[in-house]
Amino acid sequence: MSDLTGVTLKAALEGLRTRAFSAEELAKAHLEAIEASRALNAYVLETPEKALAMARDSDARLARGEARPLEGAALGIKDLFCTEGARSTACSRILENFVPTYESTVTAQLWRDGAVMLGKLNMDEFAMGSSNETSVCGPVINPWRSRGSNQPLTPGGSSGGSAAAVAANLALGATATDTGGSIRQPASLTGTVGIKPTYGRCSRWGVVAFASSLDQAGPIAKTVEDAAILLRSMSGHDPKDSTSLPVEVPDFASFVGRSVKGLRVGVPKEYRADGMPAEIESLWAKGVEWLKDAGCEVVDVSLPHTRYALPTYYIIAPAEASSNLARYDGMRYGLRVDGGGLTDVYEATRAAGFGREVQRRILIGTYVLSAGYYDAYYLKAQKVRRRIADDFAAAFERVDALLTPTAPSAAFGLGENSADPVAMYLNDVFTVTVNLAGLPALSLPAGLDAQGLPLGLQLIGRSLDEGTLFQLAGAMESAAAFDHRPQAWWRA
Amino acid sequence: MSIDAAMVRKVARLARLRLDEDRAPALAAELSGILAWIEQLDEVDTEGVQPMASTEAVSLPMREDVVTDGGDPAKVLANAPKTDRNFFVVPKVVE
């Protein structure tokens, strides 16, 4: 049999339904690929027994003709999602032995629909990072390399394991989360498709919290249609998350392939960053041509407060994080470092359990929320956040979607940006705006740079209008005809 | 606004993070750099702008004040560093 890991999710689901191969064969092929690809460090926990048990259950259902929407689909799960009985650490030392006694809503819905869990995927600690280098499990290596080079590159972050696993065919798709770009930037750096849906589309229940007003789950997948299929199962109202929206979940995949004729797409001039590689600029222009060729009307728009989004984010996200991460006190779960009184235990536990970037953000967050500084920083940031959201609202009176680059560069070398926190933060300059406004945005691979590394373009939509994004992304995917794959240099 | 080592120590105490004494000056420089970059927000006119805490227009839903879950202490205690019967064991709080 040909390699079952090379197929799309859509093709795999069809193959399973027509019994061309079994769910067990599909799971085994992926488990073998994962084992042979440990050099990438994409998985932090492999769950072969669970995978095979779920696959056999899927085969039984397929045999009875009772296939559910994702029956037998072999998926990887970002380690930020709590999975019952399977260690869930957020790639932090403070949760290194945490085995949830419950299942996150998003993963529970995937299993409800028949998906098979292959294991847990590496990520930046508590999803704080843009290169996967803050993980206590070590960085993920991007399956992509520059032409003629052996230098290890980052797959981006924080969902670096999810993106690398999908790019290297170690899962048919993966769950991911996005607080400032953590789905879309890694998707861009690995030639995969990622969508951060509207805030409130996917339940945050059972997902380790980073910045609760910004965090959203979404899929990373091989194709636009695969992302649409996965997002449908992941979405839906959940009474256990008070910010989960009580709205219908459309059949997102039905939008892929629909004509985009007559849709208006805006190009925001403020996304032309200083020092942006010319290749990204020309790819962006190519994206505009693809949309025009498909019958869209493309117009210039202005989002004047774009440049203030990143500094706004670096007040709001650390503020919420410092509050959320107060729960790690060493008393009820997670690491405890004993010795001395209660305060000593708190302080020693948190110092030992949190890595440097997490500590840095807790300190910033605590500072901007502290007496005397709250108005100058936190309140100011909340007001600028409103300005940024208002910019989008004004633009969406004129257009149906926006087209921008996803990230300001292709994949960079491990260690290249880790000395300067602000340089690392700039990775999210094009993605962070939509988290502040709560809007959906999708990244799809659009081409390669001169070194042979993938580059992504981002589509931003109106609130709850993921359908239009899938419609436009489907048209762009056809036009881009991106069929490049990384060389499998990592296989043992 | 720049942060000095004393402020770093104060904030670390508020955040219940033990800081090695020799790290405070370096952290002060690092955090000052980040805050200096953040201060470009002062350029934005926010006179009369309502602060935005949530992207959702709707108010939080209410539900009946009834027990919906629980009654399983073993699950609740499963990941605790130290337990005794159905209790979390914590360091002594009152001398």
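The following exercises, with worked solutions, concern a predicted model.

**Exercise 1. The two helices of chain B**

Determine how the axes of helix H1 (residues 5–14) and helix H2 (residues 24–38) of chain B are oriented towards each other, and state which residues form their contact.

*Solution.*
Step 1. The axes of H1(B) and H2(B) come within 8 Å and cross at roughly 95°.
Step 2. Angles from 65 to 115 degrees count as roughly perpendicular. H1(B) and H2(B) are therefore roughly perpendicular to each other.
Step 3. On the side of H1(B), the contact is made by B:Ala5, B:Val8 and B:Arg9. H2(B) contributes B:Ala24, B:Pro25, B:Leu27, B:Ala28 and B:Leu31.
Step 4. Sorted by class, this contact of H1(B) with H2(B) has seven nonpolar residues, one charged residue and no polar residues.

**Exercise 2. The buried side of H1(B)**

Identify the buried residues of H1(B) and state where they lie around the axis.

*Solution.*
Step 1. The buried residues of H1(B) are B:Met7, B:Val8, B:Val11 and B:Ala12.
Step 2. These residues cover an arc of only 135° around the axis, and so they are on the same side of H1(B).
Step 3. Their packing partners are helix H11 (356–369) of chain A together with H2 of chain B.
Step 4. Just after H1(B), B:Arg16 takes a positive phi of about 55°.

**Exercise 3. The contact between the chains**

Describe the contact between chain A and chain B from the side of chain B.

*Solution.*
Step 1. The contact takes 50 residues from chain A and 38 residues from chain B.
Step 2. H1 and H2 of chain B each supply at least two residues of the side that touches chain A. H2(B) gives the most to this side, with seven residues.
Step 3. By class, the residues on this side of chain B are 26 nonpolar, seven polar and five charged.

**Exercise 4. Two residues of chain A**

Decide whether A:Ala51 and A:Ile141 are buried or exposed, and list their contacts beyond four places in sequence.

*Solution.*
Step 1. A residue is buried if 20 or more other C-beta atoms lie within 10 Å of its own.
Step 2. A:Ala51, in helix H3 (residues 48–63) of chain A, has 24 C-beta neighbours inside 10 Å and therefore counts as buried. A:Ala51 touches A:Ala27, A:Leu31, A:Ala74, A:Val116, A:Met117 and A:Leu118, leaving aside residues up to four places away in sequence.
Step 3. A:Ile141 is in the loop between strand E3 (116–121) and helix H5 (160–167) of chain A. With 23 other C-beta atoms within 10 Å, A:Ile141 is also buried. Apart from neighbours within four places in sequence, A:Ile141 is in contact with A:Ala39, A:Leu40, A:Asn41 and A:Pro152.

**Exercise 5. The largest nonpolar core**

State which residues touch the most other members of the largest nonpolar core, and which helix gives the most to this core.

*Solution.*
Step 1. The core has 173 residues, of which A:Leu75, A:Val116 and A:Leu472 touch the most other members.
Step 2. Helix H9 (residues 309–324) of chain A gives the most to this core, with nine residues.
Step 3. A:Leu472 touches A:Val260, A:Leu263, A:Val265, A:Leu291, A:Ala401 and A:Leu459, when residues up to four places away in sequence are not counted.

**Exercise 6. A covered helix**

Find how many residues of helix H7 (residues 224–234) of chain A are buried.

*Solution.*
Step 1. In H7(A), 11 of its 11 residues are buried. Among them are A:Glu225, A:Asp226 and A:Arg232.
Step 2. H7(A) is followed by A:Gly236, whose phi is positive, near 130°.

Key
Residues numbered from 1 in each chain as written. Chains lettered and ligands numbered in written order. Predicted model: local features only at pLDDT ≥ 70, side-chain atom pairs only at ≥ 80, totals over all residues. Axes fitted to C-alpha atoms, helices over the stretch in contact; angles between N-to-C directions. Helix = DSSP H or I, 4+ residues; strand = E, 2+ residues; numbered from the N terminus. Parallel < 35°, antiparallel > 145°, perpendicular 65-115°, else oblique. Contact = placed C-beta atoms within 7 Å. Nonpolar A, V, L, I, M, F, W, Y, C, P; charged D, E, K, R; others polar. Buried ≥ 20, exposed ≤ 12 C-beta atoms within 10 Å, placed from the backbone. Arc of directions from axis to C-beta. Core = buried A, V, L, I, M, F, W, Y, C linked by C-beta atoms within 7 Å.
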